[in-house]
Amino acid sequence: MIYRSKETVCSITVPRDQEYLALVQDILEHPLVRSMEAYTQHGETSCLRHSINVSYLSYLYCRDHGWQARAAARAGLLHDLFLYDWHFHAKETGNYFHGLTHPRRALENAQRLFSLTDREKNIILRHMWPLTVTPPKYREAYVIVMFDKYCSLMETFHKPVMELMEYQELTADLKKGFAAQ
């Protein structure tokens with residue numbers, strides 16, 4: 001795929017960050033990952049949009065701190081690859097513990113589709129901590145935990161995650177400019 005500005009995967013726009021896209025292109029192009037667009041995650045946000053939000057913000061944070069940005073980007077996209085509408089899952093299956101069980105389901109699905117590192121597996125499996133008891137092993141997983149909660153909250157209240165981030169960066173740049181004068 002060639003990304004000129006913001007491109008779409010299904011009806012989802014993705015960041016135009018070429019370094020990020022090079023790390024996740026194979027995931028974004030996979031039909032089962034794209035099918036996440038059909039499931040509502042938080043508010044009116046699809047599962048795919050949520051996963052892109054978490055993935056990209058986590059990638060940026062890890063990259064800026066010299067951590068494993070690739071693992072954060074890839075696991076962030078796959079952390080909710082459970083492939084069902086959790087709003088109706090309990091009624092349909094009797095499983096009322098989606099928050100506790102979906103990380104393992106996402107990991108199983110991700111492992112069937114992609115070759116994962118141990119770090120990526122741990123990130124996917126432990127992203128619901130502290131709701132799930134066992135904490136993550138890697139600092140990148142804590143970043144995913146943090147941005148998963150942040151994005152979930154923003155999406156639930158219909159706040160644009162990426163646009164807010166871009167506004168905050170612009171504001172920070174303006175403040176730096178004023179301070180330099």
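**Figure 1. Glu 120 of helix H7 in its salt bridge with Arg 70 of helix H4.** In this predicted model, Glu 120 is buried, with a relative accessible area of 1%. Its side chain meets that of Arg 70 in a salt bridge, at 3.4 Å from N to O. Because Arg 70 belongs to helix H4 (residues 69–78) and Glu 120 to helix H7 (residues 118–126), the pair ties together parts that are 50 residues apart in sequence. The arginine partner, Arg 70, is partly exposed, with a relative accessible area of 42%. The contact also belongs to a wider arrangement: Asp 26, Arg 70, Arg 74 and Glu 120 are linked in a network of salt bridges.

**Figure 2. A salt bridge within helix H7, between Lys 121 and Asp 118.** The side chains of Lys 121 and Asp 118 meet at 4.0 Å, N to O. Both residues lie in helix H7, where they are three residues apart, about one turn of the helix. Lys 121 is partly exposed, its relative accessible area being 27%. Asp 118 has a relative accessible area of 55% and is exposed, since the exposed class covers values over 50%.

**Figure 3. The salt bridge of Arg 63 and Asp 64.** The side chains of Asp 64 and Arg 63 form a salt bridge with an N to O distance of 3.0 Å. Asp 64 counts as exposed, at 53% relative accessibility, whereas Arg 63, at 37%, counts as partly exposed. The count of salt bridges in the model comes to seven.

**Figure 4. The crossing of helices H7 and H8.** The axes of H7 and helix H8 (residues 139–156) come within 9 Å and cross at roughly 35°. The crossing is right-handed. On the H7 side, the contact is made by Arg 119, Asn 122, Ile 123 and Arg 126. On the H8 side, Glu 140, Ala 141, Ile 144 and Val 145 contribute. Grouped by class, the contact of H7 with H8 comprises four nonpolar, one polar and three charged residues.

**Figure 5. Aromatic rings in the model: the pair of Tyr 20 and Tyr 59.** The model has a count of seven aromatic pairs. In the pair shown, the ring centres of Tyr 20 and Tyr 59 are 5.2 Å apart and the planes stand at 55°. The pair is therefore tilted, as planes over 60 degrees apart would count as edge-to-face and those under 30 degrees as stacked. Tyr 20 lies in helix H1 (residues 18–29) and Tyr 59 in helix H3 (residues 47–64), so the two rings tie together parts that are 39 residues apart in sequence. Both tyrosines, Tyr 20 and Tyr 59, are buried.

**Figure 6. The aromatic pair of Trp 129 and Tyr 142.** Trp 129 and Tyr 142 form an edge-to-face pair, with 5.4 Å from centre to centre and 85° between the planes. Trp 129 is located in the loop between H7 and H8, and Tyr 142 in helix H8, so the pair ties together parts that are 13 residues apart in sequence. At 27% relative accessibility, Trp 129 counts as partly exposed. Tyr 142 is also partly exposed, with a relative accessible area of 34%.

**Figure 7. An aromatic cluster.** Tyr 61, Trp 67, Phe 147 and Tyr 150 together form one aromatic cluster.

Methods:
Residues numbered from 1 in each chain as written. Predicted model: local features only at pLDDT ≥ 70, side-chain atom pairs only at ≥ 80, totals over all residues. Heavy atoms only, no water. Buried < 20%, exposed > 50% of the residue type's maximum accessible area, 1.4 Å probe, protein only. Helix = DSSP H or I, 4+ residues; strand = E, 2+ residues; numbered from the N terminus. Axes fitted to C-alpha atoms, helices over the stretch in contact; angles between N-to-C directions. Left-handed = near helix turned anticlockwise from the far one by under 90°. Contact = heavy atoms within 4.5 Å. Nonpolar A, V, L, I, M, F, W, Y, C, P; charged D, E, K, R; others polar. Phe/Tyr/Trp six-rings, centres within 6.5 Å; stacked < 30°, edge-to-face > 60°.
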